[in-house]
Amino acid sequence: MDANNVLEIRGLNVEFASERGRLRALRDVDLTIPRGSIVGVVGESGCGKSTMINSIIGLLAHNATVSSGSISFQGEDLLQKSERELRDIRGQHISMIFQDPMTTLNPVLSIGTQMIDIQYRDQIPKAQKKARSIEMLSRVGIPDPESRLDNYPHQFSGGMRQRIAIAMALQAEPELLIADEPTTALDATLEVQIIHRLKDLQHSMGCSILFISHHLGVIAELCDFVIVMYGGEVVERGTVRDIFHRPSHPYTFKLLECDPARIAETTRSLPTIPGEIPNLAKLPPGCIFADRCERSIGLCREKIPPSTEFAEHHWARCHLAGEVSST
Amino acid sequence: MSDTSVKAATTEMPGAWQSLWRSLKRVLREPLGALGLVLVVFVIVSAVGADLFAPFEPNKIDIRAKLQPPSAEHLLGTDQLGRDIFSRVLIGGQIALKVSLVSIGLALVIGLTLGLIAGFGPRWLDNALMLLFDSVRSFPTVMFALAVVTLFGPSLTTVMIVVVITQIPIYGRMVRSQTLALRDAEFILAERALGAGFFRIIGMHILPNVVGPLLILASMDIPFVITIEAGLSFLGMGVRPPTPSWGTILNDGYSYIYNTPWPVIAGGIPVILTTLGFTFLGESLRDVFDPRLRKEI
């Protein structure tokens with residue numbers, strides 16, 4: 001593993017045992033997060049984003065198994081760690097913020113209690129922990145943080161709660177922050193504020209961020225690298241410039257076309273990708289996107305395309321990779 | 001709120017007292033809560049100090065003074081054996097509170113533990129515990145009590161055993177359903193993602209969410225238990241005579257209800273007052289324990 005990378009996922013396969021049979025939720029997922037960078041993950045609902053995050057932090061559902069692959073964090077394979085060792089990593093070295101700030105804080109405890117309690121690993125006096133919480137709150141932009149420590153989550157607005165969640169997650173200065181659609185539940189102006197705040201914090205702390213979002217504009221604004229997921233596979237990954245300007249997988253291409261921000265003329269019906277997402281219990285023999293792909297050729301329905309690096313730092317899982325971008 | 005009180009509240013002991021004081025003020029702010037608290041304090045004080053306040057020895061028989069109406073000497077009159085009913089009501093309050101507080105406390109602790117186990121444990125254990133709870137619940141309380149009394153003989157301990165066994169499922173079920181709902185709550189997942197362990201999740205995050213509703217349930221359960229004790233004693237299956245209890249006072253008085261109604265009234269009023277007091281208190285406690293219901297911004 002490259003020492004410059006905080007996280008490296010190689011060939012990750014995750015399966016769920018379900019009543020419908022084996023669900024292959026993640027197949028051969030590769031992901032690299034270079035130190036100090038922001039990596040964005042895009043993909044529609046059910047494409048495996050959450051499963052990927054949960055495998056990183058070791059909180060997969062009970063019926064899930066990792067059948068192969070590795071997740072190296074700072075050179076150590078997280079999949080080989082015991083629950084105890086993982087718990088020491090969570091919060092200290094890998095932190096997470098969630099989608100809905102209305103539900104990610106305990107409603108019956110004041111935020112001060114929660115922020116101080118989660119520092120339980122540090123052997124420092126409570127006053128010092130409190131001071132750190134106050135400092136974190138002011139860094140995320142909570143006005144008058146000292147008196148607000150005593151408030152309960154319901155006394156804050158959604159945007160403020162998301163800041164508090166960010167403050168809690170960054171308190172221990174982790175090397176990696178996983179942000180699972182942190183702005184989806186917020187309105188547009190708050191979204192911009194939170195994004196800028198995250199970027200500032202990332203700069204000053206030097207941590208890396210794995211940023212999951214539906215919002216292509218946010219990804220373009222915030223991220224250095226992007227991976228595009230579809231049906232449990234990483235169909236394309238590369239720098240943010242490559243993905244947005246030289247998309248090489250037909251799915252990425254379609255996804256960008258559907259972004260309302262990119263549509264030139266006024267229309268009543270937004271563009272969609274025809275077809276449905278594949279059934280993970282009954283996978284097609286060939287490319288996962290072949291059914292919905294306008295460019296599919298005979299080979300696409302027979303053989304799973306390998307992930308190929310057709311340009312520097314730019315991978316795509318398509319038999320036609322490198323050709324699509326030109327059109 | 002002053003700045004200093006805010007600072008103190010999250011830190012050491014003075015803060016704990018301060019938040020207790022603040023909770024108390026919240027109870028007192030509601031008229032019904034205040035009334036409930038006053039009634040409960042009144043009942044507790046009169047029971048604790050019963051030996052001091054009682055003008056007569058509660059079991060002293062004075063057959064010449066039997067069934068006397070309330071007077072300056074006998075505030076609530078006397079019963080068929082000439083015993084002072086006021087003294088008997090006071091001492092009876094001790095028994096009522098002892099039975100209700102001890103047995104509810106026990107049932108609460110056991111129910112809480114079993115409920116957490118059922119909510120967090122494996123599916124088979126959950127099913128087994130639920131089956132147990134439902135089996136116990138399926139017996140009517142009084143029938144169950146009759147069976148237990150037949151086995152062990154009538155005594156205060158038997159009443160308490162009956163209460164504990166029949167009340168455990170109520171607390172257990174509630175804690176279980178709360179735990180199940182909380183277990184998959186996003187803030188629990190968030191805490192786990194920040195490195196909180198199993199016991200931290202239970203102690204810091206599940207318990208405070210469960211304990212509020214649980215204490216409310218318990219405070220409303222107290223009157224129910226007092227009536228069970230009174231009922232069983234009335235049926236002759238609780239406290240043995242001559243020990244005074246509100247139930248035995250009712251039982252003694254009810255044969256003479258047409259000519260001398262005061263023993264029945266004297267035995268019934270404390271039951272009613274205690275029931276109302278704990279119920280009101282319980283309802284106002286609900287608002288105190290759930291910060292979301294406080295209507296403050």
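1. Helices and strands are here DSSP runs, at least four residues long for a helix and at least two for a strand, numbered from the N terminus. Counted that way, chain A has 10 helices and 12 strands. Please keep in mind as you read that this is a predicted model.

2. A word on the overall form of chain A. A compact globule of 327 residues would have a radius of gyration near 20 Å, and chain A agrees with that because its own value is 21 Å. Along the principal axes, the C-alpha atoms of chain A fill a box of roughly 65 × 50 × 40 Å. Of the 327 residues, 45% count as buried. If we look at contacts in chain A with a separation of 6 or more, 64% of them are between residues 24 or more positions apart.

3. Chain A is divided into two parts that you may like to find on screen. Domain 1 covers 5-93 + 178-190 + 202-326, and domain 2 covers 107-173. Their C-alpha centres lie 32 Å apart. The contact between them takes 7 residues from domain 1 of chain A and 8 residues from domain 2 of chain A. On the domain 1 side, the residues that touch domain 2 are 5 nonpolar and 2 polar, with no charged residues.

4. Next, a sheet in chain A that makes a good landmark. It is an open sheet of 8 strands, in the order S6-S7-S8-S3-S9-S10-S12-S11, and its pairing is mixed. Strand S6 (94-97) and strand S11 (308-311) of chain A each have a single partner strand, so one side of each is left without a neighbour in the sheet. On average, neighbouring strands of this sheet are turned by 20° against each other, direction ignored. As a reminder, strands of a sheet pair through backbone hydrogen bonds, either parallel or antiparallel.

5. Let us look at one pair in that sheet. Strand S9 (residues 225-230) and strand S10 (residues 233-239) of chain A pair in the antiparallel sense over 6 bridges. To follow the register, start with A:Val226, whose bridge partner in S10(A) is A:Gly238, and then go to A:Tyr230, whose partner in S10(A) is A:Glu233. The hairpin of S9(A) and S10(A) has 2 residues between the strands, and A:Gly231 takes a positive phi near 55° there.

6. Is S10(A) mostly covered or mostly open? It is mostly covered, as 6 of its 7 residues are buried. Helix H10 (residues 250-258) of chain A packs on the sheet and touches strand S3 (38-42), S9 and S10 of chain A. The direction of this helix makes about 100° with that of S9(A).

7. From S10(A) you can carry on to S12(A). These two strands run antiparallel and are joined by 2 bridges; A:Glu236 has A:Ala316 in S12(A) as its bridge partner. Strand S12 (residues 314-316) of chain A is also joined to S11(A), by 3 bridges and again running antiparallel. In that pair, A:Ala311 stands opposite A:His314 in S12(A). S11(A) and S12(A) form a hairpin with 2 residues between them, and A:His313 in its turn has a positive phi of about 60°.

8. Now to the place where the chains meet. How many residues does each chain bring to the contact? Chain B gives 26 residues and chain A gives 34 residues. The elements that give two or more residues to the chain B side are helix H1 (3-9), helix H9 (186-193) and helix H10 (198-234) of chain B. By class, the residues on that side divide into 13 nonpolar, 7 polar and 6 charged.

9. Two residues of chain B are worth a visit before you go. B:Lys98 lies in helix H5 (residues 85-120) of chain B, and it counts as partly exposed because it has 14 C-beta neighbours inside 10 Å. B:Lys98 and B:Leu156 are 58 residues apart along the chain, and their C-alpha atoms are separated by 9.6 Å. B:Pro261 lies in the loop between helix H11 (246-254) and helix H12 (262-289) of chain B. With 15 C-beta neighbours inside 10 Å, B:Pro261 counts as partly exposed. From B:Pro261 to B:Leu52 there are 209 residues in sequence and 27 Å in space, C-alpha to C-alpha.

Notes. Residues numbered from 1 in each chain as written. Chains lettered and ligands numbered in written order. Predicted model: local features only at pLDDT ≥ 70, side-chain atom pairs only at ≥ 80, totals over all residues. Rg over C-alpha atoms; globule rule 2.2 N^0.38 Å. Buried ≥ 20, exposed ≤ 12 C-beta atoms within 10 Å, placed from the backbone. Contact = placed C-beta atoms within 7 Å. Nonpolar A, V, L, I, M, F, W, Y, C, P; charged D, E, K, R; others polar. Pairing = 2+ DSSP bridges. Axes fitted to C-alpha atoms, helices over the stretch in contact; angles between N-to-C directions. Domains from an automatic or database assignment.
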